Amino acid sequence: MSSPAETMLTEALAAQKYTRKFFVVELDFGEATIEALEAQCEAAKWALRAGLSPENIDKLTGLWGAYFGEVLRRNSAAQWASIAIDGADRFALQTAAQTVFPHDIVRKRLEHGPAADLRVAYATLKGQLQA
């Protein structure tokens with residue numbers, strides 16, 4: 001069985017391929033790509049067949065949540081962990097003092113629009129995950 005870090009890296013790499021194929025955008029794990037990811041959350045309404053259908057939101061949450069989390073992990077003190085919640089394993093970034101669920105942040109952005117801006121979330125979380 002793969003570690004949480006291996007699983008999330010595999011998903012983040014799949015997000016790169018998917019985004020390149022369907023959005024013609026390169027994601028390179030740099031912090032600047034959070035802005036590109038934010039733009040693609042908005043573009044998904046038009047770029048994907050059925051727009052932001054529940055199925056598309058689930059797929060993008062899985063892929064882009066892993067990517068968002070991996071960029072955050074690379075630029076903070078957090079590490080990936082698998083946490084059992086209500087009988088289901090969920091991936092989170094953890095430090096000794098903080099637990100963050102990147103997939104939830106991406107889902108919120110997809111469902112609630114620009115008010116849940118990924119750039120703002122990233123800047124806030126990066127500061128919180130330094131300890």
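**Exercise 1.** Is Met 8 buried or exposed? Place the residue in the predicted model and list its contacts.

*Solution.*
Step 1. Met 8 belongs to helix H1.
Step 2. The relative accessibility of Met 8 is 3%. The cut-off for buried is under 20%, so Met 8 counts as buried.
Step 3. Leaving out residues up to four places away in sequence, Met 8 touches Ala 66, Trp 80, Phe 91 and His 103.
Step 4. Gly 69 is 61 residues from Met 8 in sequence, while the C-alpha atoms of the two are 8.2 Å apart in space.

**Exercise 2.** Describe how H1 packs with H3, giving angle, distance, handedness and contact residues.

*Solution.*
Step 1. Two packed helices are described by the angle between their axes and the distance between the axes.
Step 2. For H1 and H3 the angle is about 120° and the axes are 8 Å apart.
Step 3. H1 and H3 cross in a left-handed sense.
Step 4. On the H1 side, the contact is made by Met 8, Leu 9, Glu 11, Ala 12, Ala 14, Ala 15, Gln 16, Tyr 18, Thr 19 and Phe 23. On the H3 side, the residues are Lys 59, Leu 60, Gly 62, Leu 63, Trp 64, Ala 66, Tyr 67, Glu 70 and Arg 74.
Step 5. Sorted by class, the contact of H1 with H3 holds 12 nonpolar, 3 polar and 4 charged residues.

**Exercise 3.** Find how the axes of H1 and H2 are arranged, and classify the residues where these helices meet.

*Solution.*
Step 1. H1 spans residues 4-23 and H2 spans residues 33-47. Their axes come within 11 Å and cross at roughly 50°.
Step 2. An angle under 35 degrees would count as roughly parallel, and 65 to 115 as roughly perpendicular. The crossing angle therefore makes H1 oblique to H2.
Step 3. The crossing of H1 with H2 is left-handed.
Step 4. From H1, Thr 19, Phe 22 and Phe 23 meet Gln 40, Ala 43, Ala 44 and Ala 47 of H2.
Step 5. The contact of H1 with H2 comprises 5 nonpolar and 2 polar residues, with no charged residues.

**Exercise 4.** Determine the burial of Glu 38 and identify what its side chain reaches.

*Solution.*
Step 1. Glu 38 is located in helix H2.
Step 2. Its relative accessibility is 6%, so Glu 38 counts as buried.
Step 3. The backbone nitrogen of Leu 118 is reached by the side chain of Glu 38 at 2.8 Å.
Step 4. With neighbours within four places in sequence set aside, Glu 38 is in contact with Arg 109, Pro 114, Asp 117, Leu 118 and Arg 119.

**Exercise 5.** Consider two loop residues, Ser 76 and Ala 97. Assign each as buried or exposed, then give the surroundings of Ser 76.

*Solution.*
Step 1. Ser 76 sits in the loop between helix H3 (54-74) and strand E1 (79-85), and Ala 97 in the loop between strand E2 (88-94) and strand E3 (99-100).
Step 2. Ser 76 has 15% relative accessibility and therefore counts as buried. Ala 97 has a relative accessible area of 67% and is exposed.
Step 3. A polar atom of the Ser 76 side chain lies 2.8 Å from the backbone oxygen of Leu 72.
Step 4. Not counting residues up to four places away in sequence, Ser 76 touches Leu 129 and Gln 130.
Step 5. Ala 97 is 23 residues from Val 120 in sequence, and their C-alpha atoms are 21 Å apart in space.

How values were computed:
Residues are numbered from 1 along each chain as its sequence is written. This is a predicted model: local features need pLDDT of at least 70, side-chain atom pairs count only at pLDDT 80 or more; totals for chains, interfaces and linings use all residues. Side-chain values use heavy atoms; hydrogens and water are left out. Axes are lines fitted to C-alpha atoms, for helices over the stretch in contact, and angles run from 0 to 180 degrees between N-to-C directions. Helices (H or I, at least four residues) and strands (E, at least two) are DSSP runs, numbered from the N terminus. Angles under 35 degrees count as roughly parallel, over 145 as roughly antiparallel, 65 to 115 as roughly perpendicular and the rest as oblique. A crossing is left-handed if the near helix is turned anticlockwise from the far one by less than a right angle, and right-handed if clockwise. Contact means heavy atoms within 4.5 Å. Ala, Val, Leu, Ile, Met, Phe, Trp, Tyr, Cys and Pro count as nonpolar, Asp, Glu, Lys and Arg as charged, and the others, Gly among them, as polar. Buried means under 20% relative accessible area, exposed over 50%, partly exposed in between (1.4 Å probe, protein chains only). A polar contact is a pair of N or O atoms within 3.5 Å; within protein, one must be able to donate a hydrogen and the other to accept it, and residues adjacent in sequence count only if both atoms are side-chain atoms.
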